[in-house]
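Me: I would like to go through this model step by step, from the overall fold to the packing of individual side chains. Please reason briefly before each answer.

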Amino acid sequence: MEPQLVPPQTVLKWEAYPTVRFSHSLPAGIWAALVPFQLSPTLRSRNLALHRWLGRLFILTSLSMSFGVFVIMYRNVGAEHHDYPSVPLNVSQSLLWMEESPLIGGELILTWAERVFTVWFAGTALLSLRAARQGRIKDHQVWMFRHMAMGLSSAVQRVLNPSIHAVLSAVSWAISGSAVDTTQPMYQKAIYCDSNNFSFVLAVIVGEHLVSLLRSTRKSDGYGDKMH
């Protein structure tokens, strides 16, 4: 089989887990398709009722996706646990820690990050819904920006993963004249963990930057002190 940057089981394994497919993968596709509609000022101004109904569907898909992530964790079928059987759990947590490194409470750093940011993803969705129902539209927008930024981190990870592979190969070749074989499971796992952790952190930074821009815009209109 030709070497691959990602193990085939990363994608193919979900055939055996219909609960994950229907609670996480399918809602994730719907969620991503709804993002541009929820951001559209034209839709909000021309058909507020449709915006609200799509928003309810959007929140439902968010909560379903979050539930699906915890199903994945409960069954230990996340990539870091399932897809690299030849690599011990406490090895290759990062390109910075390729050798054995301590687990936190018996879990990988990535697993804890996934728990924290999944709760953040679901929490921002609920806080956005609460603000909308209370008529606090500006707070609703703030929480929704944070929510969308975190949700789109998975798309960022899919760009970062092959990018890190390419950069590592190029740098190793430039230094030693021989490119590191990043298709080895230990490198695949480390790069997967790093790309996920970095995308989570980047999502928070981008979300807060968007909130800052929104606050600046609203402040010029006299609304800056009403947002949290």
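Me: Which pattern does the chain follow when read along the sequence?
Reply: This is a predicted model, and its secondary structure comes to nine helices and zero strands. Read along the sequence, the elements of the chain therefore contain no strand, and the pattern is α-α-α-α-α-α-α-α-α.

Me: What percentage of the residues of the chain count as buried?
Reply: The C-alpha atoms fill a box of roughly 60 × 40 × 35 Å, taken along the principal axes. Among contacts between residues at least 6 apart in sequence, 70% join residues at least 24 apart. Of the 228 residues of the chain, the share that counts as buried is 41%.

Me: Are α4 and α7 parallel, perpendicular or oblique to each other?
Reply: Helix α4, residues 48–74, and helix α7, residues 137–151, have axes 13 Å apart and pack at an angle of about 45°. Angles under 35 degrees count as roughly parallel and those from 65 to 115 as roughly perpendicular, and the angle of about 45° lies in neither range. The two helices, α4 and α7, are therefore oblique.

Me: How many charged residues does the contact of α4 with α7 have?
Reply: The crossing of these two helices, α4 and α7, is left-handed. The contact is made by Phe-58, Ile-59 and Ser-62 from α4, together with Met-144, His-147 and Met-148 from α7. By class, four of these residues are nonpolar and two are polar, and the number of charged residues is zero.

Me: Which element gives the largest share of the largest nonpolar core?
Reply: In this core of 24 residues, the ones that touch the most other members are Trp-31, Phe-58, Met-148, Met-150 and Phe-200. Two or more residues each come from α2 (18–39), α4, α6 (109–133), α7 and α9 (185–220). The largest share, five residues, comes from α6.

Me: Which residues does Met-148 touch, not counting those up to four places away in sequence?
Reply: Met-148 is one of the residues that touch the most other members of the largest nonpolar core, and it also takes part in the contact of α7 with α4. With residues up to four places away in sequence left out, Met-148 touches Trp-31, Val-35, Gln-38, Leu-39 and Phe-58.

Me: Is Ser-128 buried or exposed?
Reply: Ser-128 has its place in helix α6 and, leaving aside neighbours within four places in sequence, is in contact with His-140, Trp-143 and Met-144. Because its relative accessibility is 0%, Ser-128 counts as buried.

Technical notes
Residues are numbered from 1 along each chain as its sequence is written. This is a predicted model: local features need pLDDT of at least 70, side-chain atom pairs count only at pLDDT 80 or more; totals for chains, interfaces and linings use all residues. Side-chain values use heavy atoms; hydrogens and water are left out. Axes are lines fitted to C-alpha atoms, for helices over the stretch in contact, and angles run from 0 to 180 degrees between N-to-C directions. Helices (H or I, at least four residues) and strands (E, at least two) are DSSP runs, numbered from the N terminus. Angles under 35 degrees count as roughly parallel, over 145 as roughly antiparallel, 65 to 115 as roughly perpendicular and the rest as oblique. A crossing is left-handed if the near helix is turned anticlockwise from the far one by less than a right angle, and right-handed if clockwise. Contact means heavy atoms within 4.5 Å. Ala, Val, Leu, Ile, Met, Phe, Trp, Tyr, Cys and Pro count as nonpolar, Asp, Glu, Lys and Arg as charged, and the others, Gly among them, as polar. A nonpolar core is a set of buried Ala, Val, Leu, Ile, Met, Phe, Trp, Tyr and Cys residues joined through side-chain atoms within 4.5 Å. Buried means under 20% relative accessible area, exposed over 50%, partly exposed in between (1.4 Å probe, protein chains only).
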